[in-house]
Each structure stands twice: as C-alpha cells, then as structure tokens.
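Visitor: I would like to go through this structure term by term. Please tell me what each word rests on.

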Amino acid sequence: MPIEVNGIEHQDKSKDVSLSFTKGNDKVAAFGSIDVAHAAASAAHIPIAKRTDYSISTGLKLHETPTSSFSANIGASKSASPFAKGDWQPNAFFVYRKKF
C-alpha cells in the first residue's frame, strides 16, 4: 500500500517537502525531494531468480527557468544473488528539460 506525503506548491517557489514510500510485489522504494534537490532509495527482490537489486541516488537542480531546467544526478546500484555478489556500480548523468 503506497504511503505519500506531499507539500504544497507556492507561487513564490518556496521549498516544500515531498516524501513517498511504496511497497508491493517484493519491491520497496523511498523518494524524498525539495524544490531543488531529491534523494531516492529502492530495493527489489525477484523470487524466481533469487536476486535482489538495490539502488540509491541523489540529484540537484542546477538551473531553472519557466520553460527549461538542468540538473545533475549521481547514484549507485547493486545486484545480489546466491550465485554472484555484485559490487556497487556508480552512475552519474545530467538532465536537460525543455517545455514547448
């Protein structure tokens, strides 16, 4: 059953908090954000493969206008099973969004 807590968007762009937790079908995820930053963590278990995937990430909005935004994101992911233990694999990416 999903649990969600959301803030209210204000015209003055004040920072509100959004936090959500979801659990279902062997997956647990948590996500939190404020106006300029976000963080997330999740774990998913696949029973037929006896595998569990883990993921953590964070991001920061570097630039925002009414029609575009640019953000930087970093994180890491890992898979574990009885057959192989994976190491944490880092990842990083940039996101540019444009509204038309």
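Guide: A residue is called buried under 20% relative accessible area, exposed over 50%, and partly exposed in between, with a 1.4 Å probe and only protein chains counted. The model is a predicted one: local features need pLDDT of at least 70, side-chain atom pairs count only at pLDDT 80 or more, and totals for chains, interfaces and linings use all residues. Residues are numbered from 1 along each chain as its sequence is written, and side-chain values use heavy atoms, with hydrogens and water left out.

Visitor: Why is Phe94 called exposed?

Guide: Its relative accessible area is 60%. The limit for exposed is over 50%, so the word applies.

Visitor: What makes Ser81 buried?

Guide: Ser81 has a relative accessible area of 12%. That value falls under 20%, so Ser81 is buried. Ser81 lies in the loop between strand E6 (68-80) and strand E7 (89-98). Strands are DSSP runs of E with at least two residues, helices are runs of H or I with at least four, and both are numbered from the N terminus.

Visitor: Which residues does Ser81 touch?

Guide: Lys50 and Arg51, if residues up to four places away in sequence are not counted. Contact means heavy atoms within 4.5 Å.

Visitor: Where is Lys50, and what is its phi?

Guide: Lys50 is in the hairpin of E4 and E5, which has four residues between the strands, and its phi is positive, near 50°.

Visitor: How do you know that E4 and E5 pair?

Guide: Two strands pair if DSSP finds at least two bridges between them. Strand E4 (residues 37-46) and strand E5 (residues 51-64) have ten bridges, in the antiparallel sense. Ten satisfies the rule, so the strands count as paired. Within this pairing, Ala37 stands opposite Leu60 in E5.

Visitor: How many aromatic pairs are there?

Guide: Two. Rings of Phe, Tyr and Trp (its six-membered ring) pair if their centres lie within 6.5 Å; planes under 30 degrees apart count as stacked, over 60 as edge-to-face and the rest as tilted.

Visitor: Why is the pair of Tyr54 and Trp88 called tilted?

Guide: The ring centres are 6.5 Å apart and the planes stand at 50°. That angle is neither under 30 degrees nor over 60, so the pair is tilted. Tyr54 is in strand E5 and Trp88 in the loop between E6 and E7, 34 residues apart, and the pair links these distant parts of the chain. Tyr54, at 34% relative accessibility, is partly exposed, and so is Trp88, at 42%.

Visitor: What makes the pair of Phe70 and Phe94 stacked?

Guide: Their planes meet at 5°, which is under 30 degrees, and their centres are 5.7 Å apart, so the pair is stacked. Phe70 lies in strand E6 and Phe94 in strand E7, so parts that are 24 residues apart in sequence are tied together. Phe70 has a relative accessible area of 30% and is partly exposed.

Visitor: Why is Ser71 called buried?

Guide: Ser71 has 13% relative accessible area, which is under 20%, so Ser71 is buried. Ser71 is found in strand E6. Leaving aside neighbours within four places in sequence, its contacts include Leu60, Leu62 and Phe94.

Visitor: Which residues form the nonpolar patch on the surface?

Guide: Val36, Leu60, Leu62 and Phe94, with about 380 Å² of accessible area together. Patches are made of residues with over 30% relative accessible area and no salt bridge; like charges are joined within 9 Å, and nonpolar side chains (Val, Leu, Ile, Met, Phe, Trp, Tyr) within 5 Å. The areas come from the Shrake-Rupley method with a 1.4 Å probe, and for residues only the protein chains shown count as cover. Leu62 has 47% relative accessible area, over 30%, so Leu62 meets the area condition.

Visitor: How do you know that Arg51 and Asp53 form a salt bridge?

Guide: A salt bridge is a side-chain nitrogen of Lys or Arg within 4 Å of a carboxyl oxygen of Asp or Glu. For Arg51 and Asp53, the closest N and O atoms are 2.9 Å apart, so the rule is met. Lys61 and Glu64 form a salt bridge too, with closest N and O atoms 3.6 Å apart. The count comes to two salt bridges.
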